[in-house]
Structures are given as C-alpha cells and as structure tokens.
Amino acid sequence: MARRSLLVGFGGFLPDRVVTNDELAAQLDTSDDWIKTRTGITRRHIAGPNDTATSMGAQAARRALDYAGLTPADIDAVIVGTSTPDQAFPATAVRIQAELGMQQGFGFDLAAACSGFIFALSTADAFIRSGQARNVLVIGSEVYSRIVDWSDRGTCVLFGDGAGAVVLSGTDEPGEAGLLSTHLHSDGTAGDLLYVDGAVGRREMSGHLKMSGRDVFRHAVAKLSSSVDEALKAEGLEYGDVSWLVPHQANIRIIEGVAKKLNLPPERVVITVDRHANTSAASIPLALDEAVRDGRIQKGDLVLMEALGGGLTWGSALARF
Ligand code: ACO
C-alpha cells in the first residue's frame, strides 16, 4: 500500500471585529442590496491592529493540532498559503513555528493567492508521500483588509480576514480515507486580471489589489468547472459520488455555477462567503473546519475542494474523509 495523507485536524480563526455591508455603505457609494445580490456577502471579519497572518495562522494551527490530538513536537513541516505575510522574510510559516515553540522541522510560505490552500495541500501531500515528512500543518492566513483600496467599491467589499489550518498525517495502513489527488494550474498571461500593484520589491507602487471583476468571473466559472471534471476523471468518479463541495469562497454566484454543474443541491455545498466574504487562501480551511466540527462532513464522505485566484492560479483537491 502506497503511503497517503489523512486529514486529521481542522482549525480556524476569525478576528473579533465584524463589518456589515451597511457599515461599508455608510462610507462608500454601495449598498447592502448590491453586495448581497452580486456576491452573497452580508458581512466580513476585519483584523484588529494586532492580528497578522502569523498571529491568526498560529491560532488556527493550535486548534487544528488540538483536534488532531497532536502537539507542535509532532509536526515535521509548516506550509502557509498567504499573499499578505507580516514581513518579506522570515516566512510566516517560520514565525508560526516560533509561536508554536517548534525548533524542529521546516516551514515556508507559498504564494498562489486565493488558490494558496490547494497549492499548499498538494505540496504537503507530496512531502508526505515522498517520506520527507509525516505530519504537516497546512495553513491559509490572510489580511486582505491591508491590501484592498478602501476607496474602491468594486473590490474592497469582496474581502475579509482570517486563517484556517489542516493537519495532514501520513499513513501506510490500508484504507479508503485520505487525500486522493490534487490538480494544480497557473497561467501568468492572465496575471493582469487580478493583482496587487506593488510589494517590497516595487515600493513606488501602491500595493493595492486591482481586479477586472467580470473577466475573473468568466475565468472562474470555466476553469473551476474543468478542474472539477479533471479531479473526478482522474479517480474514475462521477458527479453523483461527491458528498460535499468545499469551494474557495469568492462569490456565491461562482459557487452556485460549479455546484449546478455537479448537480449538487445547495445543502451539499459548504458556504461561508455570506459571513466571511473572500478570505483568499484561508477560505477553504475555514469552511472545512466549520463543516467538520458541526458534523456535516462525516467519515466516508467524498469532499471536493476547488479554488481560483490571482496568477491566475487554480486547482482542486479530492479527499475521502
Ligand atoms: N456597490 C455598488 N455598485 C458597484 C459596486 C459596489 N460595491 N461595485 C461596482 N459597482 C458598479 C460598477 O461601478 C458598475 O456601474 P456602472 O454600470 O455604472 O459602470 C456596476 O456596478 C456593474 O459593475 P460590474 O463590475 O460590471 O459588476 P458585476 O456584475 O461584474 O459584479 C463583481 C462585480 C461582484 C466583482 C463580479 O464581477 C465578480 O464577482 N467577479 C469575480 C471576482 C472575484 O470574486 N474576485 C475575487 C478574487 S478571485 C477569486 O477569488 C475567484
């Protein structure tokens, strides 16, 4: 039996401050109705002055470790999907290692924007399958409130802050459960559809998120649909085999488009975008944490995860719980 990765721990962290659409409408030319109708978002959590990708990621990681019944001493690697690190370096992952009291193992960040969690999960799985790590913390942690332009109503209303974490653990025991496969893609020729204008290497730029919303929407529906087909075909599975869709939470209309293709009823789709908005790389692990803890996702369920983000990057992960 080849070694495979089990998803054994789940954790999430959301900052205390909740900002409703009406609060945004008090400062911007927008409305609760416009935001809800176009995106499904009603509110979002916004980081306080002391919340960072490191602090929120460490909180989510602690909760995932508790769920798994593991301690930081059991962890061989920490991989963080983030586009909003506290510093250019050290990596957020290494700062989280320090917060957890880890001096063993290794950690690094991975930049794939909203697809960051899927890319990190795939990378962690490869380390486990190769024997280079046994237990890996896979984290998505983002503070998009610090890169959106709060005067641009076309983008700032879409995002929120938060962190989610999963513990992946290798096993050689026979069984059905585990990460079945992941599929990753990127296409830099579409990079200007969704990007951040500047970073520490380009300080003369503003460092704000820019987006061609309609084009991103069009790419998202097409590429996520083909990702879903690719994932199922690789495993010889059918649409009807999927128990739960746990999508990246960007926009309810994108999510519904993919669910419709799968013929999945809304009650089989895990939705957090209404309360969290788009938390980028954190959105899938936050949604997983919620659905595992409230008992929706059960042992034996087939869970399909998918995401698209700046790059463009996109991909999927299929797991048997
Ligand atoms: N409030 C009120 N009006 C607004 C707002 C707002 N917050 N934002 C834009 N508008 C106006 C525009 O100015 C425009 O007005 P005009 O017709 O007078 O010029 C009108 O609304 C329509 O604007 P569009 O951008 O064409 O609106 P659209 O229906 O495309 O919806 C949206 C915009 C919600 C951004 C949509 O394109 C979308 O969801 N795109 C996907 C982008 C996304 O989710 N990105 C997240 C990162 S990528 C990812 O995670 C998948």
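Visitor: Where is N263 found in this predicted model?

Guide: N263 is in the loop between α8 (252-262) and α9 (273-276).

Visitor: What makes the phi of N263 worth a remark?

Guide: Its sign, together with the residue type: phi is positive, about 65°, although N263 is not a glycine. Most residues other than glycine have a negative phi, so a positive value stands apart from that pattern.

Visitor: Staying with the backbone, what makes the peptide bond from F89 to P90 cis?

Guide: Omega there is near 0°. P90 belongs to the loop between β4 (77-81) and α4 (92-99).

Visitor: And which value goes with the cis bond that joins G311 and L312?

Guide: Omega is about -10° for that bond, and L312 is found in the loop between β12 (302-309) and β13 (313-320). Most peptide bonds are trans, so cis bonds depart from the usual case.

Visitor: Now to the ligand. Why is the pair formed by H248 and the ligand called a polar contact?

Guide: A polar side-chain atom of H248 lies 2.8 Å from an oxygen atom of the ligand. The cut-off for a pair of N or O atoms is 3.5 Å, and 2.8 Å is within that limit, so the pair counts.

Visitor: How do you know that N278 and R153 pass the test too?

Guide: By the same cut-off of 3.5 Å. N278 brings a polar side-chain atom to 3.1 Å from a ligand oxygen, while for R153 a polar backbone atom is 2.9 Å from a ligand nitrogen. Both distances are within the limit, so both are polar contacts.

Visitor: How much of the ligand does the protein cover?

Guide: On its own the ligand has 1,000 Å² of accessible area, and the protein covers 75% of that.

Visitor: Which pocket holds the ligand, and what makes you say that the ligand "sits" there?

Guide: The second largest pocket. The word requires more than half of the ligand's atoms to lie within 2 Å of the pocket's grid points. The elements that give two or more residues to the shell are α2 (32-39), α6 (153-156) and α7 (213-234), with the largest share, 4 residues, coming from α7.

Visitor: How many residues make up that shell, and of which classes?

Guide: There are 22, the closest being T30, R38, R214, H248 and N251. By class, 11 are nonpolar, 7 polar and 4 charged.

Visitor: Why do you place the ligand between the two domains?

Guide: Because domain 1 (4-171) and domain 2 (178-320) both give residues to the shell around the ligand.

Notes: Residues are numbered from 1 along each chain as its sequence is written. This is a predicted model: local features need pLDDT of at least 70, side-chain atom pairs count only at pLDDT 80 or more; totals for chains, interfaces and linings use all residues. Side-chain values use heavy atoms; hydrogens and water are left out. A residue is near a molecule or strand if one of its heavy atoms lies within 4 Å of it. A polar contact is a pair of N or O atoms within 3.5 Å; within protein, one must be able to donate a hydrogen and the other to accept it, and residues adjacent in sequence count only if both atoms are side-chain atoms. Accessible areas come from the Shrake-Rupley method with a 1.4 Å probe; for residues, only the protein chains shown count as cover. On a 1 Å grid over the protein atoms alone, a cavity is a set of points where a 1.4 Å probe fits but cannot get out, and a pocket is an open set with protein on both sides within 12 Å along at least five of seven lines; lining residues have an atom within 4 Å of a point. Ala, Val, Leu, Ile, Met, Phe, Trp, Tyr, Cys and Pro count as nonpolar, Asp, Glu, Lys and Arg as charged, and the others, Gly among them, as polar. Domain bounds come from an automatic or database domain assignment.
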